[in-house]
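Biologist: Could you take me through the disulfides in this one, slowly and up close? I'd like to know where they sit and what surrounds them.

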Amino acid sequence: MEKQLDRLPLLLKMTAPGFTVSAFILLLHVSFVANYPSGKVTKSCHGMIPEHGHTPQYHPVHHISVSQVTFRPGDQIKVALSGPPFKGFLLEARDAENLSGPPVGSFTLIDSHVSQLLTCEDVQGSAVSHRSPSKKTEIKVYWDAPSSAPNHIIFLATVVEKYKIYWVKIPGPIISQPNVLPFTTPEATIAPMPTVPSVSHLTRSFSASACGNKKFCIRSPLNCDPEKERACVFLSFTRDDQSVMVEMSGPSKGYLSFAFSHDRWMGDDDAYVCILEDQIVHIQPSHLTGRSHPIMDSGDPLEHMAWRLADGVMQCSFRRNITLPGVKNRFDLNASYYIFIADGAATDGRIHKHSQQPLITYEKYTVTGDPKNIGGSRSLLLLKVHGALMFVAWMTIVSVGVLIARFFKPVWSKALFGDAAWFQVHRTLMLTTSALTFIAFLLPFIYRGGWNWHAGYHPYLGFLVMVLALLQLVLAAFRPPLHDPRRKMFNWTHWSMGTAARIIAVAAMFLGMDLPGLNLPGPWKTYAMIGFVAWHVGTEIILEIHAYRLSRKVEILDDDRIQILQSFTAAEAEGYVFKKVVLAIYVCGNLTFLTMFLSAINRL
């Protein structure tokens, strides 16, 4: 690679017959990596290569001009980059006799609103890049010649028109110090054309009939059929001597990808991406270096690539050797790995963050071993248990406990183990809620190894719920006697904190349902949660109205004492039956909502 970059002075011979071919060959050998709309492209300082994962253009349409062609150390020379509208750029000055060397000198900005200085090779201001992806047609800066400048300087620019269209190291004029020998370039030599992997079109859908027999298959839902089910996510590996045939299928409007990983975390993984662009699917090996865009690699290790698009389903296949010694970032498929499958949107060949949590196998597998038929989950067990416990605690247990304390004191007033039955039930339910909340609160910390800073407001609301639940326990432990003057203040404080905890818990559940770690599918979850809130509030309203009507009924009874007692007893008995019926209906409805959410979590 470095030898090819050293030949870049050949580009200066614009009239040489070998210019077009030489430039084409050079740029085809460029490796790729993600883009930086903000212009913070320090990682690209050396190679000046955009991290886009596409083949650069090889006919420059932008040009560089300078205010003078000779310079002395300390001079300031105006440099302009102009041409058709472009979004991004990287401008550097290099030693014309050593293009692979570090940038030379430093720049001074003329318009800091459209350009910014970069620190390359520990030299501040040694390169200039865009400040934003807004379109521009001309950039002007000053280049400050250093005291140790080489005899000849060339300005190089990488220009990005849009994500998939860019030019690398466009050569500009050479400026020289006075009284030095003129700069000359060696004769052009034409490198052999590289071999471009062929890509064919699949004529039919993949078959799952050999899964577990000849193919190692991963399917979601488990045992789905990619030939018949549009929503089927399918990945298979078929060993053939020293190579593996890979087939991947699933619904996608942008890209499908899978990766081999040593753990359940994104980073340091061997990944493969099928990207839809202009109704054509490009198959690209890549690797991951953290929770960022995959870095696209050369497609040379892949053979027999093919693809198909039909009814919103993307399918792609390729063959690769089981071991690829000497090929960087490609894993040995004789080893065991977790396997990730992800999909998402793509624009102009640039992939965006996956639209949902990746499907991850439950354990490590060796895809070249015995054929298996397995599934995976888009949510890890700890996060699924976290969600399930919170739903059980704050959708059902606490709701029933609140209704019993508010409306069933006279219904279950008889003593049970020393206290009124309603109080014993209420206390048991609330203690259970606090215990489940504490356990559920710890699970994400165990999974993440600390606080999750990428989960928005959800963890903060969860923390508030946890604090309020614990404070309720402490407050209840110091509950004043029934006729104590402080009892009224206790009742209002206890009610206020409990109500606040319930409201915040519902908000946390609303937000948690859409987090990548759980991400319950479909819009139904929002309507179901709204339905649960309406169901509970409606039940409380009905019981409040009933309690009010019952009290009014007692007030208008006849003045005769015996008649009052008899009527009150009858009205009271009638009211108790009504409350029990309402509670039974409420619990059935509540459990229906709870079952919907627990079932959805179980299917993740």
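Modeller: Let's fix the term before anything else: a disulfide here is a pair of cysteine sulfur atoms within 2.5 Å. Keep in mind that this is a predicted model, where local features need pLDDT of at least 70, side-chain atom pairs count only at pLDDT 80 or more, and totals for chains, interfaces and linings use all residues. Residues are numbered from 1 along each chain as its sequence is written, and side-chain values use heavy atoms, with hydrogens and water left out.

Searching the whole structure turns up four disulfides. Count the bonded cysteines along the chain and the pattern reads 1-2, 3-4, 5-6, 7-8.

Start with Cys-45 and Cys-120, joined with an S to S distance of 1.8 Å. That link is left-handed, at -50 degrees about the S-S bond. It ties together distant parts of the chain, 75 residues apart: Cys-45 is in the loop between helix H2 (19-28) and strand S1 (63-66), while Cys-120 is in strand S5 (residues 115-120). Helices (H or I, at least four residues) and strands (E, at least two) are DSSP runs, numbered from the N terminus. Cys-45 counts as buried because its relative accessibility is 5%, and Cys-120 does so at 1%. For the cut-offs, buried means under 20% relative accessible area, exposed over 50%, and partly exposed in between, with a 1.4 Å probe and protein chains only.

Next come Cys-211 and Cys-217, S to S 2.0 Å. Their S-S torsion is about -80 degrees, so this disulfide is left-handed. Cys-211 and Cys-217 are both buried.

Then there's Cys-274 with Cys-316, whose sulfur atoms are 1.9 Å apart. This one is right-handed, with 85 degrees about the S-S bond. Again distant parts of the chain are linked, with Cys-274 in strand S15 and Cys-316 in strand S19, 42 residues apart. Cys-274 and Cys-316 are buried too.

Have a look at the loops leading into those two strands' neighbours while you're there. Asp-278 lies in the loop between strand S15 (269-277) and strand S16 (280-288), and Asp-311 in the loop between strand S18 (303-310) and strand S19 (313-321). Asp-278 has a positive phi, near 55 degrees, and phi of Asp-311 is near 55 degrees as well. Most residues other than glycine have a negative phi. Asp-278 is exposed, at 59% relative accessible area, and Asp-311 is exposed at 67%.
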